[in-house]
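Biologist: Could you take a close look at one part of this model for me, the second largest pocket? I'd like to hear what lines it, and then how the enclosed space in the structure looks beside it.

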Amino acid sequence: MWEKRIKTDYNIEYAHIYSDEKFGPPQELSIQILHSVINELKQKKKSYVLTVLIDDYNPQKQILGIQELIANLKRLKAKPDFIGFESKLVQYSNFLLKEMSPRLQKNYIKYIEKNKKIPCSMLIAIWYLKRLGLIKIQPEELKHLSKDSKKSFVAKKIITILPKRYQKVEKKGLEIIASTKFKNRLCDIENIFF
């Protein structure tokens, strides 16, 4: 069923939030930028889906209420079509390791063995590849909120709206992709930092 959907032009991620956070100014600011991006895409007659990624992998405690998050997003006219969960991306780390250049692979294996954790840059790369349809998305990995069942999570291009503090780690995620057979899709990935 998921594969039969028409591929969307853009998958836009915004309002990134940790599961030990409350909805606040960073999410609100990303939504302001989101509205500008949507207006541009509408003028170009491009299709899009809206996606929020919750980091529920790194936090020790979980205080974020999903329904409260959705209510806040709706209030700001930014209800997502999909909500993703970072913890669901971890299972693809071995796949990504095998795709990396030997030098990067060695560095990441060393990091994982030392820290007993998958680094954020790897999870970013996996998330980007899923949004582009290069790693198959399983329905149980996403919360589907759109009433339009034909909307595809997978898109030809992706846009990610994030605070500037994520710039360094996002760059590392792109470096991982650049070392794989998927490097030709880097031109389909756009970051907007604020």
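Modeller: Sure, and keep in mind that this is a predicted model. The second largest pocket has a volume of about 180 Å³. Its lining is made up of 16 residues, and those closest to the pocket's centre are His16, Glu86, Ile124, Tyr166 and Glu170. As for secondary structure, four elements each give two or more residues to that lining: the strands β3 (48-55) and β6, plus the helices α5 (120-131) and α6 (167-178). Helix α5 provides the largest share, with 5 residues. Sorted by class, the pocket lining comes out at 10 nonpolar, 4 charged and 2 polar residues.

Now for the enclosed space. Searching the whole structure turns up 1 cavity of 30 Å³ or more, and the largest cavity holds about 40 Å³ of space. Around that cavity you'll find Ala15, His16, Pro26, Gln27 and Ser30, along with Ile161, Leu162, Pro163, Arg165 and Tyr166. Here the elements giving two or more residues are α1 (25-43) and β6 (155-162), with α1 supplying the largest share, 3 residues. The class split for the cavity lining is 6 nonpolar, 3 polar and 1 charged.

If you want a link between the two sites, try His16 and Tyr166: both belong to the cavity lining, and both are listed among the residues closest to the centre of the second largest pocket. Strand β6 is another link, as it gives two or more residues to the lining of the cavity and also to that of the pocket.

Notes:
Residues numbered from 1 in each chain as written. Predicted model: local features only at pLDDT ≥ 70, side-chain atom pairs only at ≥ 80, totals over all residues. Heavy atoms only, no water. 1 Å grid on protein atoms, 1.4 Å probe; cavity = no way out; pocket = protein on both sides within 12 Å on 5 of 7 lines; lining within 4 Å. Points joined across faces, edges and corners; volume = space filled by probe spheres on them. Nonpolar A, V, L, I, M, F, W, Y, C, P; charged D, E, K, R; others polar.
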